[in-house]
Amino acid sequence: MKKNKFALLLVAVMAMFSLSSCLDGDNNSTAMYSGYVKVKGFFQNYKFETTDGIEINPLNQGALHDLGMAHYALLNFSYEVDQLTSQTTKLDATLLNIMPIETSYSSVVRPDGEKPKANAPILLAGGYGTPVQFAWNENTMFLPIKYLVKRVADKSEMDLELKSHRFELYYDQNEPDAKKGEIVLHLRHSVMKEAENAERDYESFRIVHFDLAQVMAVYQSEHGELPSTLVIEFEKSDKGIYDDKIESERVTLDYSNVLKGFKK
């Protein structure tokens, strides 16, 4: 039933999010949901859509800040269970936490093309309580990234610092290390002022959405089928400086299971 599917649907989320039920008398009438949603509407009139296609109507709209250009978010909310039936398409909910998710670039580097430049390392890609996840389809990927930023006290300065970080994902058609049935996607991190990397010693975390439709289409045209394994390679360091001590790290995913999960 949709009711059960919705109540049990979870995406692995940060520690501040959780799934639980709140007791109301002798009945579990209130439940909590954590997961990825699509952002609909606009500031002061936001709606959200779950992976089930259920529209979430926030009862506390005033608690929301402007989500800017975010198309997706990680949302935690509570709702009354008795609203859910097999025909439920809309749900009133009280929002508890929200993390807007930025959409970044995924590209194909042709045999004679130039690879995206990077000037900052990454602490961790995937993991950190939130593994790499796919939602809605096999090309909509959410990648958690842990990295270093400058430690500033002023909120406006921190906003500028966070906006100065950019993450890109590319597929190299000349990939020398790819095995049969494997696609390697390279994650790269760049900042606007590389000279300030030595000051970047404060851990930050974000989830980035990547659309893999183009890279998967190119891979399929080359190999006649989609990959069974997806590898995300990134440049790792526990310091903000981009130097020769950076190591190449890899996260390996069973992409065949992702494809099976969305097969109709």
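Here's a quick briefing on the fold, the spaces and the packing in this protein.

The model is predicted, so read what follows with that in mind. The protein has four helices and 15 strands, and 46% of its 264 residues are buried. If you look at contacts between residues at least 6 apart in sequence, 68% of them join residues at least 24 apart.

**The largest pocket**
- The largest pocket holds about 1,000 Å³ of space.
- Its lining takes in 31 residues, and the closest to the pocket centre are P100, E102, D159, L162 and R206.
- Five elements are listed as giving two or more residues to this lining: β6 (90-103), α2 (155-163), β11, β12 and β13 (200-211).
- Sorted by class, the pocket lining comes out at 16 nonpolar, seven polar and eight charged residues.

**The cavity**
- There's one cavity of 30 Å³ or more, and the largest cavity contains about 60 Å³ of space.
- A set of 14 residues lines the largest cavity, with A120, P121, L148, H189 and G240 the closest to its centre.
- Two or more lining residues come from each of β10 (140-150) and β12 (182-191).
- Here the class split is seven nonpolar, five polar and two charged residues.
- Strand β12 turns up in both places: it gives two or more residues to the lining of the largest cavity and two or more to that of the largest pocket.

**Helix α3**
- Helix α3 spans residues 213-223, and its buried residues are V215, M216, V218 and Y219.
- Looking down the axis of α3, you'd find these buried residues within an arc of 160°, so they line one face of the helix.
- The general background is that an α-helix has 3.6 residues a turn, so residues three or four places apart point the same way.
- What does the buried side of α3 pack against? The partners of its buried residues are the strands β7 (105-109), β11 (165-172), β12 and β14 (229-236), plus helix α4 (255-262).
- Right after α3 comes G224, which has a positive phi, near 80°.
- Two of the α3 packing partners, β11 and β12, also give two or more residues each to the lining of the largest pocket.

**Aromatic packing**
- How many aromatic pairs are there? The count is ten.
- One aromatic cluster is formed by Y36, Y72, W136 and F142.
- F142, a member of that cluster, falls within the residue range of β10 (140-150).

Conventions. Residues are numbered from 1 along each chain as its sequence is written. This is a predicted model: local features need pLDDT of at least 70, side-chain atom pairs count only at pLDDT 80 or more; totals for chains, interfaces and linings use all residues. Side-chain values use heavy atoms; hydrogens and water are left out. On a 1 Å grid over the protein atoms alone, a cavity is a set of points where a 1.4 Å probe fits but cannot get out, and a pocket is an open set with protein on both sides within 12 Å along at least five of seven lines; lining residues have an atom within 4 Å of a point. Grid points are joined across faces, edges and corners, and a volume is the space filled by probe spheres set on the points. Ala, Val, Leu, Ile, Met, Phe, Trp, Tyr, Cys and Pro count as nonpolar, Asp, Glu, Lys and Arg as charged, and the others, Gly among them, as polar. Rings of Phe, Tyr and Trp (its six-membered ring) pair if their centres lie within 6.5 Å; planes under 30 degrees apart count as stacked, over 60 as edge-to-face and the rest as tilted. Buried means under 20% relative accessible area, exposed over 50%, partly exposed in between (1.4 Å probe, protein chains only). The arc is that of the directions from the helix axis to the C-beta atoms. Contact means heavy atoms within 4.5 Å.
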